[in-house]
Structures are given as structure tokens and as C-alpha cells.
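Here is a friendly walk through this assembly, meant to be read with the coordinates open beside you. Feel free to pause and pick out the residues as they come up.

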Amino acid sequence: MKIPMTKLTVVSESLLREELLKMMRQAGAKGFTITQADGEGSRGVRATEWEGPNTRIETIVSPSVADRILDQLANRYFEDYAVIAWMSDVTVWRAKKFQD
Amino acid sequence: MKIPMTKLTVVSESLLREELLKMMRQAGAKGFTITQADGEGSRGVRATEWEGPNTRIETIVSPSVADRILDQLANRYFEDYAVIAWMSDVTVWRAKKFQD
Amino acid sequence: MKIPMTKLTVVSESLLREELLKMMRQAGAKGFTITQADGEGSRGVRATEWEGPNTRIETIVSPSVADRILDQLANRYFEDYAVIAWMSDVTVWRAKKFQD
Amino acid sequence: MELLTQNLISPVVLAFVLGMLARAVRSDLEIPPALYQGLSIYLLFAIGLKGGVALAETPMVELAGPVLITVVLGVITPLSAFGLLRWFGRISRTDAAATAAHYGSVSAVTFLAALEATKIADMAPNGYLPALVAVLEVPGIIVGLMLARQSGSRGVKAALHEVVVGKSIFLLLGGMAIGALCGAEKMESVAPLFVHPFKGVLCLFLLELGMLAAGRLRDLKSAGWRLVVLGCLLPLGHGLLGTAAGTWVGMSSGGAAVFGAMVGSASYIAAPAAVRIALPRASPGIYLTLSLGVTFPFNLAIGVPLFMSFAQYLNAV
Amino acid sequence: MELLTQNLISPVVLAFVLGMLARAVRSDLEIPPALYQGLSIYLLFAIGLKGGVALAETPMVELAGPVLITVVLGVITPLSAFGLLRWFGRISRTDAAATAAHYGSVSAVTFLAALEATKIADMAPNGYLPALVAVLEVPGIIVGLMLARQSGSRGVKAALHEVVVGKSIFLLLGGMAIGALCGAEKMESVAPLFVHPFKGVLCLFLLELGMLAAGRLRDLKSAGWRLVVLGCLLPLGHGLLGTAAGTWVGMSSGGAAVFGAMVGSASYIAAPAAVRIALPRASPGIYLTLSLGVTFPFNLAIGVPLFMSFAQYLNAV
Amino acid sequence: MELLTQNLISPVVLAFVLGMLARAVRSDLEIPPALYQGLSIYLLFAIGLKGGVALAETPMVELAGPVLITVVLGVITPLSAFGLLRWFGRISRTDAAATAAHYGSVSAVTFLAALEATKIADMAPNGYLPALVAVLEVPGIIVGLMLARQSGSRGVKAALHEVVVGKSIFLLLGGMAIGALCGAEKMESVAPLFVHPFKGVLCLFLLELGMLAAGRLRDLKSAGWRLVVLGCLLPLGHGLLGTAAGTWVGMSSGGAAVFGAMVGSASYIAAPAAVRIALPRASPGIYLTLSLGVTFPFNLAIGVPLFMSFAQYLNAV
Ligand SMILES: Nc1ncnc2c1ncn2[C@@H]1O[C@H](COP(=O)(O)O)[C@@H](O)[C@H]1O
Ligand SMILES: Nc1ncnc2c1ncn2[C@@H]1O[C@H](COP(=O)(O)O)[C@@H](O)[C@H]1O
Ligand SMILES: Nc1ncnc2c1ncn2[C@@H]1O[C@H](COP(=O)(O)O)[C@@H](O)[C@H]1O
Ligand code: NA
Ligand code: NA
Ligand code: NA
């Protein structure tokens, strides 16, 4: 049962970790894989620079959930915080895990 | 020499790390990139929760090797363990590295 | 404003981290997400083995920048160092961030 | 009673409480995994070193009784745990066997906490006890896994390898070997790292353990009151039995109390890893919650002082 | 003058300089984040434990004055900082408010460095000071955020939660509670970890802080000379005020000097996290650069010895 | 002979053996990288601090001879290593040059182990030795790289920058500067962290080093017996030469033994990083295996006690 899904990757300053996870859960994401990451981007400075690195969140979702999450990111985070996101096509098994 | 290949990502409880790597090697994978990850999914609890986080394994393989690994995952791990896997298309150079 | 871009992932022995980042910046990359990774590949030994793990660099760039970086990698690093790279298609928002 | 208060108001116990509190108030306090692993490497290696020095000074013949009784208790306790978990706890065979493996094995941190408590109360425990921790770690897990009657291909053998060369036992035994070979005099040069700051490190470790235990408490409701009761009764029964057996084979009253705490404790490092490999269908929500969320705090707060009183009583009789 | 040299040529200050040098010569020296977090957990918890023991021995009535004056200064200093940053510093309301929150709050490391400096100079500081660090951490941030006049939905409340159960205050208060409950005697067993190596750990921490501060210095140019001047004047003014107020409410001269350093210091742990949540549009390039890149080294090198001399002078008058 | 046994049965050496054993039995023991980096930062900084204090007390004129002989040996040893590796070892010019750079440089941990061994045997080494470690680290690498005759664009210069501001030398020199500036009295306050637990930390570090060396041993077979023989002969020859030279310039017998161990040792931190940058085609499978897998254990077990006996003999003559 190979099923095409969408993988959304969000990289943000680590301060936002809990907040972003909560938002994504509400938007319908069922699971996350989270890694610590260093980063370099258009904003040099991090308020939490020494609290540790960026947070990189991957979540496999349906395209509609991905869109919902992106809307939220665009409305509430992109402008003020160091957050970026990208989306790619993946194939998964056990698709029931990822359904919303 | 750009060549299309398959990238398989497997995220599992870290207890399985060596076992999964061995299985993938036998299935024909020639290399791995491994990161530590936290995770959240349908199973809340990890037996190894405090032994450290999940393991996230990426391997670039030919589609047939990817299928072989996925078969093994589905037969031996998906039901009992906290394991998920996804597959995506990538383009690589130096393709001889990845051939089986 | 969803825009298709290219994600280039480079995994290398960590000794090369600063050098590779510099090269990519010169080639036009505007940002990076960097994680520590363990690895296994065709070369068993790392000179920096115990200095810590591999470095995994992700950068979202335009296809032309990706090609420029890959040319550099192929010319200067692939033969002598433990470096691999792969490329995949992604969709991003806020595309001005990634333009060269 | 005074023992109880004295035990509760100690840096080690209070650090555990503080860790639980951190989770309760949703503090962002976190011990980085690398640090946490470092603390546990330190504790196991240090206790091994110290035990090794003591062991080298213990005549072989004095060890026979304690080692034998440890193996016997390592076989009995998972059986009694299994019976009660099936009959009173009403859980499946697999879950009961998995949990029994935990109660048959031993929690190194409970051992350490008991050790400190007896020292504060001036009840010198026997020096060879760390060796018994290593001995007690294994049989309970074997018996537990056998109770599951699922000796599949990857079963007991893989799990045992996991335990025996697993880092806890390896560091404990390795430290003991080094301590025994070097002897007291040569170990003095490393005492400023491995002996003096020991209790402080234990504090930090319990801070983290408190946070983990608090996480487990969330699962208590789904575990049900029957299991919670067992999580208190099992360490009580096993612990008193262990204290009596320890006294019987000639341990000092401090030693018997610590031995009781060991027998009464449930593993939450070695056993969970082994059980997860061998019995993947057993629910960590049951065995981890009971061992880390119920039995560990029970022993820390009530078990240890109780076993100390009981050992003193037995000794006075 | 002699105090100044004596203060500058100390392991703690030189470690900070070495850290800055590491960045200047582009050394690949790096303190792993896990280690760094471990050091800061250690420092805050240790200072809490010690403060708690002292607190338990301080009569309540002796505390009233110092606590009250701390709250008052915690309200005054962000206001004066805000005024100067707007008028002389010429930055936007949001940036000024964000920065004011930092100057209203307190830097735990400056506190520790001052503590060590007074000890070396044999000016025993009052034991209850760590409690005042916890008290001082909060009001400045509240006032600062209110100055921004942006009490949006996620504003002040979320930020306050961030501060109050944030790990720094949590460990400080938690350590104090444990220290106070256990008392001096019981804490002796953990002294080899939490007391004796303390100053060495502070050294390592300052090594890292030096590297971070050097990173901030790069942004100095874009901050402009007006802000750099304020980064020195604000700690000077607030510090002298704090020293005077401390003397006035009856602190020892060592205590008043440390209190001055606290009041003069600018937070770079608790405040930045809170401000980032509540005022995302304020520029970290301003508030972090000033507090970590200018004010912290200023206090370390010049502020602390100055407040010590001033406290001695006031005491002699 | 007695020296040999006494040296082998020490916590430091046994910890190394335990580390090798961990890999041999496939234990899952692992020192987290962050911790490991922390240990090495600690060791280098601590040895620097201590050396700095001693250095400040050494008259300049007494240093001239030792420094000069260190530079001379730093040039000679890579040449002799290169010659033997080409002629007897039969490896390519690039590989021989890369490996020669390692034997010309110095292993800080071998230095530390030798230091401890002489202290146990009551052979007080000279206080200025840490300074010589820093001096010895550089010339061997330069000579080695020049032997490769590949001064390409990124060659020697980039590699040298790597070495000189690399964290090992930076921490060593930085620590020495702080120690020299502060002097013995002020350093007392940080002694509980940087002096007393030192040997215990060395133990933990060697535990990790044992695991890494065991990993290297796997490559021994492919290296061939000729290289293994050289991995023993080179430290032997260089070490005896170093001991003699040290005695000749007036070091105490303890100092000459430690100096011999330094000269005989092969770098496995600074040199590999530099060589990897400058000579990417040289095989780490050769130079790392020899320096970490053969020469380091050889020196630890046989070299150090031998140099001690030799130094005593020379001194008695
Ligand atoms: N082009 C990019 N490719 C990959 N990661 C990026 C890119 N731009 C930004 N990032 C990541 O997103 C974080 C925030 O970016 P910024 O808001 O531009 O500072 C950075 O720290 C990086 O981790
Ligand atoms: N939808 C998802 N997207 C990304 N990662 C996931 C997802 N679901 C599960 N995971 C990862 O897989 C691990 C095991 O999942 P589970 O078996 O559902 O507990 C989790 O800890 C996550 O790291
Ligand atoms: N097939 C592969 N899939 C994923 N990562 C790989 C693969 N091959 C190599 N790598 C990564 O690239 C690094 C260097 O590879 P190598 O030069 O082959 O030793 C390895 O340590 C891995 O992290
Ligand atoms: Na037990
Ligand atoms: Na302040
Ligand atoms: Na050498």
C-alpha cells in the first residue's frame, strides 16, 4: 500500500518549538520527527542563540493539511520569526498513520 | 553524470539502530546518513525513552533496493515497533557509489 | 506564492564544514540548515572520527545555483574527501529569500 | 518515623521531587541527553570502582552466601510478581511476564539511594553489595522472558546479550575489576572525581529521573488502580523478604537494608531495553509506568527507611 | 585601583578574555551546547542550594527591607533605561522597551562574578542575595513589556510564564528550597560537587560567554556609538544606585557591592527569551549586543570593582 | 620490571583496556561526543593552567635549553620516521610524509599519562613541560607536510592555521597564560575543579580512547606487519633519544622520562586534522591506525616505564 503524501519540513528558532508543534497538531498533523539544527539565513541574530540551535521539524501529512499549516505559518510566523518551510512529495507505507 | 535514485528515510526507536542498519546492508544499501531525532507519533511511550532519542536513517539506493528494505520493514517491524519510513526521488552524482 | 525550488543536501566529514559553507555562499546559496550526522559509506575511516560526526548541510537554492555548487563539489572534493550530495525538488513559500 | 522524615528531607530525594515539579509546572528545564548519559556512566563506573576495592578485601567464603541468596531471590521475585500481576493485576500473559522481568531485576539508582541513606544513618553497608547488583540484574530478566513462553528466534538470546554487555552491567563490572586490581591505595588518586562528588552527581541524576517519572505518571490513569497497588505491594513484599534474607546470610543491618531495597526495586534501564527487544508486544505503558512511576518513588520515600527499620529490628532480635 | 587590577587578573575574568580571543583568532574551539547547558544548570542550582542554606538562617524580618528595595529598583531601572534609550539612544519604542526589559532584569553570571570578587577581597556578602536574584528577575521584564504598549494576545502573559517557570528561575528557586529544607549539615554531603568546584565551573562558563560576547561585538558598529555609550552608562548609574540602596537597607559592604552589580547588570538569558516571544519585532541585534556585548564585560571589568570601592566608601562614611 | 607492572596496573591504563574490551565484546557503551569533547577541553585547559603557574616560577634562562632541544627533536623525528616508513615500511611518499607528521608532533594524552606515572613513582617532573608540548606540536607537522612536496594552494598554510589556532594548542597556551598571570595563590580557588579531579577525568578520557583505539585495531591487518613493527620501533627510538636529550639539557629524571614519552609519541588529534586538510590523498587508515592503534598503547604500556627506567639509569651514571 504505497501512497503518495506530502512531507513538510519547518526550520525555526528553537524557542518556537512547542508553539509550532501545537499549531501543527491542531492543523491535523499526526506525527513529527524533530532534529536539532544549526542554521544560517537572512537574519543573523537569534535571541536564543546560546539556548541551543534551531529546530527542524518534519511531518508527513496529506496535501490539505500541509496547506493548512503553511497558511498558519505565513500568517503568524514568517514575518516576525526566523522560520522557513519547504514541501516535497514522498511515498509512504502504512498510510492510515498519516490520514487526517 | 546526474542519475535519478531513491532516497529512503527510516525513523525508528533508537534501540533498533544496529538491527535496522544490518538489515539494510543485507538488502543492498551501500551507505547511510544517521541523525538523532526526537519524535512524536501514534505510540506515546518508548521503552528507551531516556536512553536517548529516535534514530533517523537516510539511505540513497536504487528503487529495487528500496523496495526490498520496505518489504523487510513491513514484515518484521512496522507492527510491533515504532518505525516509519518514507521514500522520495533524488538526483545524485557519482552514481557508482550507490549501485547494487 | 508557492514556488518550485531545488533542495541540495551535502553530507561530508565535519572537517570540511566551514570550507563547504564558504564555497556554497560564493556559489549563491543564501541560507543553510546544518545537522550533525553519523555516517557509513565506502570509506571506512575518518581522520576526524573522534572530533565528532559528519556534517549534513541542506540548502534551498535555484536549480542554477545547485548546479554551480555541484560542479565545485565534483571538481574539488568528491575524489579526495568523504562527501556526497543529492538534490530533490521542493516547493517553498517566501521565495524571495532563496533567489540569487 | 524519624528515619522516614530524615530520609525524605535529603538532597537526593528533594532533587527527585524538584524534577517532578518541573514537569508539573511545565518548566522548560531539560537535562541534555549527552549530560544525562554522562551522569549515568559516572555513577555506574564510580560505584563499580568503589565496590571493587571493597570486594578485593572481602574473603571469598564470605561472599558465597550473599551471592547464592541473590540468585535465588532473582528467580523467586519475578515469579511472585508474575503471579500477582496475572491474578490481581488482570493483565495479559505477555504484559505480566514483561513486568515481572523488571521486578526480578534491580534498579541501580534505588541501590545508590539506599546506600546513601544508610550512610547518613551511620548503618555501614557491606562493601561487596555492588557485586550483588550485577548478579541480581540478570536472572530476573531471564525468568521473566521465559514466563512469556515466546522463545522466538530473536527472543531470549538477543535480549540477554543486550543485558550482559549492556552499558550498565559492563561499567559496573568493569569498574569493579579496576577497583579490585588497583586496590585502595592506587584508587586514592581518582577519589576526588569518583568518590567525593558522588552524592552531588546522584542529586543531578535524580533531578532528571524526577522529570522522567513525572512523564510516566500521566499514564497512571490508564494503568488502573490495581496495577498502582501492585506497584507498591511488590516492592514492599520483595523488599522485606530481601532484608530478612540479607540478615539471615550475615549482612550488617545497613547491608541488609540496602539488599532489601535492591530486591524490592524494579529495573528501569537494563530490563526495559531487553524486554523491548524480546517482547515487542508487551506494553511499555505498563512496565515502565509501574517501575519508574510507582515503584521507584515508593522505594525512595517509603521502602528504604522501612527496610532500614526492619533490618535494625531483625538485628536487635 | 588595586581592586581593579586584582579583579581583572583573576581566572574568571581571564577565561572570559580567552573566550573572546578564541573568536578573534578564529580558533575552532567550541563548547558543545549540551556541555554549556550542563554548566548553566550546575551554576544556577548550586547557587540556589547555597543561598537556601543561608536563607534558612536569616531571620524573616531582616529580609523585608532588601526584598522591598529589590522590587522598587526592578521597577525603576527599566523606566530609566527606557527613557535614556528613547531620548539619547534614539531607537524605536519597541526596541527601547525590549532593551529596557533586559536592564530591569538581572544577569546571574554578573551576580556570580561579583560574588567571587567580593570573596577574594574578603568582603563577605550577605547570604540571602541569591533570593534577591530571583526577585529581581521578574519585575523588570514586566515593566519593559508594558512599556511596549503591545499587550497583544500572546504578549505579556506568555512571556511571564516563560520567565517564571523558565529554567533559570526554576533551578534557582528549586535549589534554594532544597538548601533551606536540608540545612547546612545535610548539604555537606553534596558540597564536593556543588561548592568546592564552583569557581572552576564558573571559569569554563565564562570561556563560552567570552566566545558569545565576541560574536555580539561584530554587531557593535551597526548599533552605533550612542547605544554603546548607554551600554556603559546604564550599568554605571544603576549599579551605583543599587550599591547605595543596598547599603541603606543594611547590607554588608560586600553585599551592597554585589547588589549593585545585580541592579546594574542586564539579563541575557531570561529576558531575551521572554522578549523574543512577546515582542518579536524588537531587534535582538540591539538588545543582545548591548547586554552581552557591552554591559556584561563592562561590569566584569569596571563595574564590579567600582561598586566594591563605592560600598566600602559608603560604609566608612 | 616492577615499574612496568606498577604502570600497567593503574586506573588510567586499566580504563584504556576496559575501553578496548567494550568494543571487543560489542558492548553498547558509548561516550556521547559532547561529553568527550568536554573531557578533552578540561584536560588541555587544566594542564595549561598548571603549567602556566610552574612556568611563571621558572627562570627564563632555564627554559632556553629545553625549548631549543624540543625544536631540534621536532625536526629530526619526522625525518627519521619518514626515512624508515619509506625504506622499511614501503609506503608511498604521501603516506610516509603524512605519517611522519604524526610522529614529529606529540600526543597530549601520552604526555599526561607519563606525567601521572612519574608522579606515582615519586619522580617529580619539571613544571615547564606543558610549554614544551605546545612547542613540540608544530614543527613536526610542518616538516611532515614539506616532505610530501605538495605545497599546493590549500597546503601547508591552511594546515598550519588549523594546528596553531586549533583547539588543543589554543587551550593549552590559553590555560598557560592564565596560570602564569594569576600565579599559584589565585589559582587555588579553581584547584577543586582543575587539579584534584584531574586524574579521574583522565581515566574517563582513556575509556573513550580505548574504544577508539580498538576500532583502529581492525585496520591493523590491512596495514601489514612492517608498519606495526615501525609503530613500536619509532616510539622506542624517539623516546630513548628524547629521554637522553632531556637529561642532557638538565631535566630531572622524571622530567626526562616524560620528555621522552612526548618525543616518542605520535599525535592523533592535531596532526590528523592538519594532514587531512593538506594531504587529502594520504590514507587515514595508515596514519591513524599507527598512531592511535599501535604507538599510543605501546607507549602507555611499555614506553613510559621504559623511559622512566632509562632516565633513572642516566641520572645514576
Ligand atoms: N536557503 C535556505 N536553505 C536552507 N535552510 C535555510 C535557508 N534559509 C534559511 N534557512 C534556515 O532557516 C533558519 C531561519 O532563517 P532566517 O529567518 O532567514 O534567518 C536558518 O537559521 C536556517 O536554518
Ligand atoms: N506523520 C509523521 N511525520 C513524521 N514523522 C513521524 C510521523 N509519524 C511518526 N513519525 C516518527 O516515527 C516515530 C515512531 O512513530 P510511531 O510508531 O507512530 O510512534 C515517531 O517518534 C516520529 O519520529
Ligand atoms: N548511499 C548513501 N546514502 C546515504 N548517505 C550516504 C551514502 N553513502 C555515503 N553516505 C554519507 O556520506 C558520507 C561519506 O561517504 P563516503 O565518502 O562514501 O565514506 C558517509 O559517512 C555517509 O554519511
Ligand atoms: Na528486584
Ligand atoms: Na538590572
Ligand atoms: Na613525537
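## Chain D, its partners and the sodium sites

In chain D, 87% of the contacts with a separation of 6 or more join residues that are 24 or more positions apart. Please keep in mind that this is a predicted model, and that every value below is computed from it.

**The build of chain D**

The secondary structure of chain D consists of 16 helices and zero strands. Its C-alpha trace spans about 50 × 45 × 40 Å along the principal axes. How does the radius of gyration of chain D fit a compact globule? For 317 residues, such a globule would have a value near 20 Å, and the 18 Å of chain D agrees with that.

Of these 317 residues, 64% count as buried. The exposed area of chain D is about 11000 Å², and 67% of it is supplied by carbon and sulfur atoms. As for charge, chain D carries 19 positive and 14 negative side chains. The centres of these two sets are 16 Å apart, which may be handy to know if you set up electrostatics for this chain.

**A glycine inside a helix**

One residue of chain D that rewards a look is D:G179, placed in helix 9 (residues 167-187). Is D:G179 buried or exposed? Its relative accessibility is 0%, so D:G179 counts as buried. Leaving aside residues up to four places away in sequence, D:G179 touches D:L49, D:G52, D:V53 and D:M187. D:A54 is 125 residues from D:G179 in sequence, yet the two C-alpha atoms are 8.2 Å apart in space.

**The sodium sites**

Now to the ions. The table sets out the donors of three sodium ions.

| Ion | Protein donors | Distances |
|---|---|---|
| sodium ion (ligand 4) | D:Y103 (O), D:S105 (O), D:V263 (O), D:S265 (O) | 2.4 to 2.6 Å |
| sodium ion (ligand 5) | E:Y103 (O), E:S105 (O), E:V263 (O), E:S265 (O) | 2.4 to 2.6 Å |
| sodium ion (ligand 6) | F:Y103 (O), F:S105 (O), F:V263 (O), F:S265 (O) | 2.4 to 2.6 Å |

Let us take the site in chain D to begin with. Along the sequence, the donor residues of the sodium ion (ligand 4) are spaced Y-x1-S-x157-V-x1-S. D:Y103 belongs to helix 5 (residues 93-104) and D:V263 to helix 14 (residues 253-264), so this pair ties together parts of chain D that are 160 residues apart in sequence. Where do these two donors stand in terms of burial? With a relative accessible area of 0%, D:Y103 is buried. D:V263 is buried too, at 3%.

For the sodium ion (ligand 5), the donors in chain E follow the spacing Y-x1-S-x157-V-x1-S. E:V263 has 3% relative accessibility and therefore counts as buried. E:S265, at 0%, also counts as buried.

The sodium ion (ligand 6) has donor residues in chain F, spaced Y-x1-S-x157-V-x1-S in sequence. Here the pair F:S105 and F:S265 links distant parts of the chain, 160 residues apart. F:S105 sits in the loop between helix 5 (93-104) and helix 6 (108-120), while F:S265 sits in the loop between helix 14 (253-264) and helix 15 (270-278). Which of these loop residues are buried? F:S105 is buried, with a relative accessible area of 0%, and F:S265 counts as buried at 0% as well.

**Chain A, and chains that do not touch**

Chain A has two helices and four strands. In what order do they come along the sequence? The pattern of chain A reads β-α-β-β-α-β. Chain A has 100 residues, and 63% of them count as buried. Among its contacts between residues at least 6 apart in sequence, 80% join residues at least 24 apart. The accessible surface of chain A is about 4000 Å², with 47% belonging to carbon and sulfur atoms.

Chain A and chain D do not touch, and their nearest C-alpha atoms are 10 Å apart. Likewise, no contact joins chain C and chain E, whose closest C-alpha atoms are 10 Å apart.

Note on methods:
Residues numbered from 1 in each chain as written. Chains lettered and ligands numbered in written order. Predicted model: local features only at pLDDT ≥ 70, side-chain atom pairs only at ≥ 80, totals over all residues. Heavy atoms only, no water. Rg over C-alpha atoms; globule rule 2.2 N^0.38 Å. Buried < 20%, exposed > 50% of the residue type's maximum accessible area, 1.4 Å probe, protein only. Contact = heavy atoms within 4.5 Å. Areas by Shrake-Rupley, 256 points an atom, 1.4 Å probe, with all protein chains shown as cover. Lys, Arg positive; Asp, Glu negative; His and termini not counted. Charge placed at Lys NZ, Arg CZ, Asp CG, Glu CD. Donors = N, O, S within 2.8 Å, 3.2 Å for Na, K, Ca; no water.
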